[in-house]
Number of protein chains: 4
Amino acid sequence: MDTHNDAELTLAEARRRKFLIQAGVTVGSLAVATTLPGISHARSEHSMSTQHHSPAVGGFWPGDIRLVISISMQFEAGGQPPKGTDSPFPKVDFPAGVPSDPATNTWFAYGYREGIPRMLDLWDRHGVKVTSHMIGEAAKKHPDLAKAIVERGHEAAGHGPRWSSEYAMSRDEEKQFIAEGTRMVEEVTGQRPTGYNCNWLRRGPNTLSLLQELGYTYHIDDISRDEPFIEQVNGKDFVVVPYTLRNNDILLVEGRNYSPDKFLAQIKRDFDELYREAGTRRRMMSISAHDRISGSPQMVSAWDEFIHYAKSKAGVAFMRKDEIARFALHSPLTLRESETI
Amino acid sequence: MDTHNDAELTLAEARRRKFLIQAGVTVGSLAVATTLPGISHARSEHSMSTQHHSPAVGGFWPGDIRLVISISMQFEAGGQPPKGTDSPFPKVDFPAGVPSDPATNTWFAYGYREGIPRMLDLWDRHGVKVTSHMIGEAAKKHPDLAKAIVERGHEAAGHGPRWSSEYAMSRDEEKQFIAEGTRMVEEVTGQRPTGYNCNWLRRGPNTLSLLQELGYTYHIDDISRDEPFIEQVNGKDFVVVPYTLRNNDILLVEGRNYSPDKFLAQIKRDFDELYREAGTRRRMMSISAHDRISGSPQMVSAWDEFIHYAKSKAGVAFMRKDEIARFALHSPLTLRESETI
Amino acid sequence: MDTHNDAELTLAEARRRKFLIQAGVTVGSLAVATTLPGISHARSEHSMSTQHHSPAVGGFWPGDIRLVISISMQFEAGGQPPKGTDSPFPKVDFPAGVPSDPATNTWFAYGYREGIPRMLDLWDRHGVKVTSHMIGEAAKKHPDLAKAIVERGHEAAGHGPRWSSEYAMSRDEEKQFIAEGTRMVEEVTGQRPTGYNCNWLRRGPNTLSLLQELGYTYHIDDISRDEPFIEQVNGKDFVVVPYTLRNNDILLVEGRNYSPDKFLAQIKRDFDELYREAGTRRRMMSISAHDRISGSPQMVSAWDEFIHYAKSKAGVAFMRKDEIARFALHSPLTLRESETI
Amino acid sequence: MDTHNDAELTLAEARRRKFLIQAGVTVGSLAVATTLPGISHARSEHSMSTQHHSPAVGGFWPGDIRLVISISMQFEAGGQPPKGTDSPFPKVDFPAGVPSDPATNTWFAYGYREGIPRMLDLWDRHGVKVTSHMIGEAAKKHPDLAKAIVERGHEAAGHGPRWSSEYAMSRDEEKQFIAEGTRMVEEVTGQRPTGYNCNWLRRGPNTLSLLQELGYTYHIDDISRDEPFIEQVNGKDFVVVPYTLRNNDILLVEGRNYSPDKFLAQIKRDFDELYREAGTRRRMMSISAHDRISGSPQMVSAWDEFIHYAKSKAGVAFMRKDEIARFALHSPLTLRESETI
């Protein structure tokens, strides 16, 4: 059964304290994060709420942090195939001579023309740093936008060079595929991705092994937990920073039957329960924002309301997934999963 | 017509009073349940609301109970086929060489890693006992979790050894199938199931007959009433403890277009009307909670709010389905259905 | 263009006043309805709200009535085919040897076991009379329930002997089909239907002609207006009492993604606007209630709230469709449609 | 990246001021619009809210206008094919001998019988002028209604002679198609359309070129921005007045799972964020209203509430798309898009 029992917690707590002391961390204070690379944003006045003091946090995250929120911002617009892509438009069969589907492509274009710029302003207003999963070709087509994302403090993560089904590739094909996407993002942004997200989360039997070979330290294509954990890949530690479907704009709104209020209501409920649980164990909340969906005015309005709400609670921090992965890798409290899924 | 007329009620009332006296029951008091096996939980301070006195309850349930709520908690995660299962992910055709669909399997894994542990804590906080429908293979893969469910006072009910369409089996195949699932749950939990639930409620022409042969006393694959009733199976009484689609998380949220607030609003409305009706006839409310769906933070938050609400009304009790079946089998007020569906 | 201009209204008003005087009607008083057959229920204390006086009603309906609400209650449960029917359950292919789908059939059985009895009690509590569209076989299987509907003051209307696609029948086949359904309802209830509703509203090219030949005076398979109107069928007047999809429980909740609160909110909005409009022209609001859907506790709770709300406004009357048709047939204000759809 | 940087804004601002002075416009006053053809409605007391003064508007629109709202009202009812059209009814296969689907056609008929008349009254009550996208055959079948739309101050825009897939036509076929639809609308209304909307927004590779050849000045089949912009078509300026899916009644309600409250909540949210943004850049909000969907009482009630809300904010104007296109064509601040989608 996957719960900590008391004995385990006591042992883990002892190891954690030792680790934190070695790392120069002062438990229960904001001084912690300075000595851990990548958690710097958690110290920011804007990204962590400090209005109320939170005395009883168990030290599951650095410093005073009680609950970590991790936001994914997909940068996919422009990287979609020219026709036949999923969108709110009805499916039609295009004659072979029709080269593209402009209607759908303008739906995607909203992502780079309005969506990401609007979200970048939102994150800035709140001092929130996010993880941007970048399709290589999307970044290549709009390099200034990709660069702006990184320059404004966000993480550039891998998402493949284009939309393709990795699970159906041979090992060699997939290796080239991942490497190509990695190179594209690095060339455009100057930042080498350390985290990965497959198309629709659908990895194949070789994906994790290849990611580790290619220098990745974590992946997100797992929705089984509300906290980061460690799996063995190629005999070494590899971090899972779990993703989400339940707090995922693309599943909740799908372009059709759109409801920002519904989205807002349920991420607030999710937050409430995780915040409660975070008093006694490590908890992380994942939320995702696709360029062309969460970038609309009505969705940004809902996101804004959510961030205000979350920041009104003591000890809430927004962290990039690379920061979370680095912290999890070194924390003695991190769950270690022996099961392979 | 399926309503009690006054004459019937008077007769039934006379029989009921006689039965209750024989059973040592004091009508209108909490002393009742001690003498009826399996209704013990209804006496618990936590599972039955006693804040307000409910003077006019008609004795349709033991003691002061006015309305019974029965919660089903599916334990299916880990028992799903390795690929091709229904989930919020889009359907794809996996090449034959791809052994499994990790993305979907991590969605299911959420059920045993986070969902059931979180729900068990919720039930404990409220003193609520539920019926857990266990897929045999799910229980076998996570025996500690299956055992914890029973040890914390919940019912282990049969749900087949794996996901399969019983309606399409021969009588012999189906007999082996049910027996295998029964054995698996008993081996893991030490509790022999007495109630049964087919995959998607879809029983075949031999299912009920086989269940009775194999020692089951009730099934739930019927959504035609808001109270338990008795059918003749193999010439003997067999109890139906009706299940629900309208208060069923899997139909309401489906993983997509998730809305815990919608779920909460409608189970509250259902409760309100059944509670009203329960003043003059026997009423039971059924609600279901799937491991990977109702086990999310946002759904547990909604469930928590519902249970608080229900418990604020006098005479509301949460009962396991085996308790309900045993009570219904001996109560002279139980409806007897001659029609075969 | 389909709006009254002032000149037409003036002319129509003159004709209306003459008609009302001939009919012995006192405009603006409750005395009216007594002299018009079939509007008797509108006089009931319960079915028409008289809390507030409504001085400026234009006489578009009898007496003080400002807005008419017409409720359809489908009685279909028990009349469905044994397998393969639409329901909230996933579609499956049953082997030929499997005679029926018990899961789906218990979903339908809810309609006669709980749904209609619960709705009948609701209508009685409010003094509301409705139109019940009866599948012949459903009425035959549960004759006591069908009789109770009529005995409690509701209208038995035709809905075919069983679920079948009239649009695909020859004229002779369809004639037999309609006649058979008519006979079944009359035999069971003693009431000969005068109104008709095709399966899923889908009439064929001969339907209206046949209905008139067979003695029907109105049909509802038209959703193009918010008031009754007259079409020429076989060269004679035939009334359309429009039905609805937008206030139709089966389209709004479909058994899945159920939301009684959503249903309630939108019928209240529909009412608000129609009530406003009803101050200056004839307006009718149609709402439908299927046995197995609107008959649930949560939906009856929503209906109850709506009826309370509607009755709190002056001049709101609930009328059966046969009453509406008879009134429309004789009222000089009734729209006459030359277009054939 | 598609955001204005400061330098660009300063340059653009200088050009804008020069343009406005040349055009006789007084920045920050209502006197502006008189000298710009087609923006006259923005001056109307009813269509622009002047309750509160808005001191800091950046002059992105004429005069005191801070945010422009553009409403599309589709006039399609009556122009649909006789059977097989999308509607809330379940799809069925009609036998070849069945000439039409009356049920679906009465659903469409609601659009011209109730929907558009009701919406015209709504627009009049608020002094709002809209753009009506007219299917040629719909206008031909109900010429009085088409004329009334134009006579009441609304724009008649092109939408094809009938429902057809322009993307699959040859250049010649499509040219005839567009020309035919243009002619039909002009013949009926006396107004030659200058704006165009393809069926389901799905233009083909020749559409824009043909539209410019045929005298059109703008199209709306692009959902990539929240403001008008200019593209090069046939080497000349052509305006895009972006349309919307997220504020589109047909995608949000689809005839099924209808929810006017959901629609209202999200267009209010969209408005809130665009209104905020409109303080520092040009913003336009597009909303669409289909005859048979937004024309229902419940949807008109929601629209009414939205318009009241929008008009309560200072500087909100409702403009026709032809007015917007003319203004955008001459404004130095208008974005110019080099990319071809």
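In this predicted model, the side chains of A:Arg246 and A:Asp270 are joined by a polar contact of 2.7 Å. A:Arg246 is placed in a loop of chain A, the one that runs between strand 7 (236-240) and helix 8 (249-252). The relative accessibility of A:Arg246 is 13%, and because buried residues are those under 20% relative accessible area, A:Arg246 counts as buried.

The chain that holds this pair has a secondary structure of 11 helices and 10 strands. Chain A comprises 341 residues, of which buried residues make up 65%. With regard to the contacts in chain A between residues at least 6 apart in sequence, 72% join residues that are at least 24 apart.

Chain B is superposed on chain A by a rotation of 90 degrees, with 0.0 Å of shift along the rotation axis and an RMSD of 0.0 Å. This combination of rotation and shift is the relation of a four-fold axis.

The two chains also touch one another, and the contact draws 44 residues from chain B and 38 residues from chain A. The size of an interface is often expressed as the accessible area that is lost when the parts come together. For chain B and chain A, the buried area is about 3600 Å², and carbon and sulfur atoms contribute 53% of that area.

Polar and charged interactions were then examined across this interface. Between chain B and chain A, 8 salt bridges are counted. The side chains of B:Asp261 and A:Arg269 form a salt bridge, with an N to O distance of 3.0 Å. Across the interface of chain B and chain A, 20 residue pairs are found in polar contact, both residues of each pair being at pLDDT 80 or more. On the side of chain B that touches chain A, at least two residues each are supplied by helix 3 (102-126), helix 5 (143-151), helix 9 (260-277) and helix 10 (297-311) of chain B. Helix 3 of chain B makes the most extensive contribution by residue count, giving 14 residues to the side that touches chain A. By residue class, the side of chain B that touches chain A divides into 23 nonpolar, 10 polar and 11 charged residues.

How values were computed:
Residues numbered from 1 in each chain as written. Chains lettered and ligands numbered in written order. Predicted model: local features only at pLDDT ≥ 70, side-chain atom pairs only at ≥ 80, totals over all residues. Heavy atoms only, no water. Least-squares fit on C-alpha atoms with pLDDT ≥ 70 in both. Helix = DSSP H or I, 4+ residues; strand = E, 2+ residues; numbered from the N terminus. Buried < 20%, exposed > 50% of the residue type's maximum accessible area, 1.4 Å probe, protein only. Polar contact = N/O pair within 3.5 Å; in protein donor to acceptor, adjacent residues only side chain to side chain. Contact = heavy atoms within 4.5 Å. Buried area = accessible area lost by both parts, 1.4 Å probe. Salt bridge = Lys/Arg side-chain N within 4 Å of Asp/Glu carboxyl O. Nonpolar A, V, L, I, M, F, W, Y, C, P; charged D, E, K, R; others polar.
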